[in-house]
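I opened the model to look up its main pocket, then one helix and one residue in that helix. My entries follow the order of the look-ups.

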Amino acid sequence: MRIRIVDAFTDRPFAGNPAGVLLLDAFPDDDRLQRIALEVNHSETAFAHRLPAGGEADWALRWFTPATEVAMCGHATLATAHVLHTTGAHEGPVRFATRSGVLTSTPREDGSITLDFPTAPLTPIASPAGVAEALGAEPRTVLDTGPNIGDLLVEVADEKTVRALAPDLVALASHSERGVIATARAEDPARGYDYVSRCFFPNVGIDEDPVTGSAHTALAPFWSERLGRPDLTGLQASSRSGRVRTRLRGERTLLSGHAVTVIDGELLA
């Protein structure tokens, strides 16, 4: 099997979020998929195979962290679409059949790719006991992000607070299904982004995710309401960093970014 490592939500190598991408004839058993994802050891590895013509989707797509299969992943979908387009395996928009329904990717003239994802339903909740201590910052606002995402969205005081977070990941793991998205308004929008975030997902084997497309389906409605604009740019302030352009369209959120293939090889086992 041919395997590629793609850096997503970046236009340069060794930044953004790396994902493994394997294009297959069919999915092998789940244990083999999980073992491959553990061997790749990135936050997600994407597995895709072509579907028969004439159906509601073009490719079947699944995502695995090193520890488990997940219901939705933005950066690995972007990485898969990038591989399909750059290798000539698919031209034009791609419809992916996934656990989160049919997700569409569309290539753009500037080389970026736009994903069409369901908008996360946000429900304000009281800050759970212990979250402030586990995160290492006092929440201003806490929201549940619904079943597809499975995170707590936590607004903190400012960008400096987001960047300085050093959470207790063991304690954080007890507060949500996947993890916690910490966010704040950008200190200086002139730098080209409207808000910052960091994502901690200890429950799926990811201490900190470099750039999380799925989290932006929650960040987009949250900040679009606060800032009064449907089109925004989010900076995920991890050590690798990356930017996600978002456009809120009611029940759907468009996520746009670039991707770069950095490794192209063969899985021998």
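I looked up the largest pocket first and found 16 lining residues, with Phe-9, Thr-10, Asp-11, Gly-242 and Arg-243 nearest its centre. A pocket here is an open set of points on a 1 Å grid over the protein atoms alone, where a 1.4 Å probe fits, with protein on both sides within 12 Å along at least five of seven lines; lining residues have an atom within 4 Å of a point. The elements giving two or more residues to this lining are strand 16 (242–249) and strand 17 (252–257). Strand 16 gives the most, with four residues.

The model is predicted: local features need pLDDT of at least 70 and side-chain atom pairs pLDDT 80 or more, while totals for chains, interfaces and linings use all residues. Residues are numbered from 1 along each chain as its sequence is written, and side-chain values use heavy atoms, without hydrogens and water.

I then turned to helix 6 (residues 216–227; helices are DSSP runs of H or I, at least four residues, and strands runs of E, at least two, numbered from the N terminus). I noted nine of its twelve residues as buried (under 20% relative accessible area, 1.4 Å probe, protein chains only). Just after helix 6, Gly-228 has a positive phi of about 75 degrees.

Within helix 6 I picked Thr-217. Thr-217 counts as buried because its relative accessible area is 0%. Beyond its neighbours within four places in sequence, Thr-217 contacts (heavy atoms within 4.5 Å) Phe-117, Pro-118, Thr-119, Ala-120, Ile-149, Thr-253 and Leu-255. Its side chain reaches the backbone oxygen of Ser-214 at 2.6 Å.

Notes
Buried means under 20% relative accessible area, exposed over 50%, partly exposed in between (1.4 Å probe, protein chains only). A polar contact is a pair of N or O atoms within 3.5 Å; within protein, one must be able to donate a hydrogen and the other to accept it, and residues adjacent in sequence count only if both atoms are side-chain atoms.
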